[in-house]
Amino acid sequence: SPATPDYDFENLVSDLESAGARVEVTDDIWNSKVFDSETQAQAINIDGVRATVLMYANAAVAESAASRISPDGYGIAGASPGIAQFVDWTDTPHFFKKGRLIVYYVGNEEPVLKVLEGVLGPQFSGG
């Protein structure tokens with residue numbers, strides 16, 4: 001949201017823990033080419049369930065990336081016009097955005113969805 005433009009990874013972990021979730025930051029960090037080659041991605045476990053945090057340079061870049069994700073979460077438009085990718089998720093995708101972050105979770109664990117929504121607000125894309 002515009003009120004939290006500098007919201008970052010440390011804020012997220014702190015807020016999830018404050019909401020009562022057990023958060024484990026994994027060693028799994030990579031560049032996410034699904035979104036663009038500059039996007040850094042970090043896997044975390046929330047109460048033992050994996051989620052992925054995409055980290056952007058600023059909120060405007062995160063907003064631009066979010067705008068390329070289809071409403072159902074299965075299509076991602078490329079950074080170049082006319083290029084789209086469809087992701088065959090193993091379960092229902094859920095995308096949340098706040099500040100410089102996009103967080104996605106693939107699954108339907110109600111406690112995980114509730115804590116993500118409580119910390120990040122309503123999902124902007126997905127099931």
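User: Which residues make the contact between helix α1 and helix α3?

Analyst: In this predicted model, Leu12, Asp15 and Leu16 of α1 meet Val115, Leu116, Val119 and Leu120 of α3. These residues count as meeting because they have heavy atoms within 4.5 Å.

User: What makes up this contact in terms of nonpolar, polar and charged residues?

Analyst: The contact of α1 with α3 holds six nonpolar residues, one charged residue and no polar residue. Leu and Val count as nonpolar, whereas Asp counts as charged, so Asp15 is the charged member.

User: Why are α1 and α3 called oblique to each other?

Analyst: The axes of α1 (residues 9–18) and α3 (residues 110–120) cross at roughly 120 degrees and come within 10 Å. Roughly perpendicular covers 65 to 115 degrees, and roughly antiparallel requires an angle over 145. The crossing angle falls into neither class, and the pair is therefore oblique.

User: Which hand does the crossing of α1 and α3 have?

Analyst: The crossing is right-handed.

User: How do you know on which side of α3 its buried residues lie?

Analyst: Val112, Leu113, Val115, Leu116, Val119 and Leu120 are the buried residues of α3, each having under 20% relative accessible area. They cover an arc of only 165 degrees around the axis, and therefore they lie on the same side of α3. The face turned away from that buried side carries Pro111, Lys114 and Gly118, which are exposed, with relative accessible area over 50%.

User: What covers the buried residues of α3?

Analyst: The cover includes α1 together with the strands β2 (40–46), β3 (49–55), β6 (93–98) and β7 (101–106).

User: What is stated about the backbone of glycine 121, just after α3?

Analyst: Glycine 121 takes a positive phi of about 90 degrees.

User: Why are the buried residues of helix α2 said to line one face?

Analyst: In α2 (residues 59–67), Ala62, Ala65 and Ala66 are buried. Viewed down the helix axis, the buried residues fall within an arc of 100 degrees, so they line one face of α2. Ala60 and Ser67 are exposed on the face turned away from the buried side. The buried residues of α2 pack against β6 and β7, two strands that also belong to the cover of α3.

User: How many helices and strands does the protein have, and in what order do they run?

Analyst: The protein has three helices and eight strands. From the N terminus on, the order is α-β-β-β-α-β-β-β-β-α-β.

User: What share of the protein is buried?

Analyst: Buried residues make up 45% of the 127 residues.

Conventions. Residues are numbered from 1 along each chain as its sequence is written. This is a predicted model: local features need pLDDT of at least 70, side-chain atom pairs count only at pLDDT 80 or more; totals for chains, interfaces and linings use all residues. Side-chain values use heavy atoms; hydrogens and water are left out. Axes are lines fitted to C-alpha atoms, for helices over the stretch in contact, and angles run from 0 to 180 degrees between N-to-C directions. Helices (H or I, at least four residues) and strands (E, at least two) are DSSP runs, numbered from the N terminus. Angles under 35 degrees count as roughly parallel, over 145 as roughly antiparallel, 65 to 115 as roughly perpendicular and the rest as oblique. A crossing is left-handed if the near helix is turned anticlockwise from the far one by less than a right angle, and right-handed if clockwise. Buried means under 20% relative accessible area, exposed over 50%, partly exposed in between (1.4 Å probe, protein chains only). The arc is that of the directions from the helix axis to the C-beta atoms.
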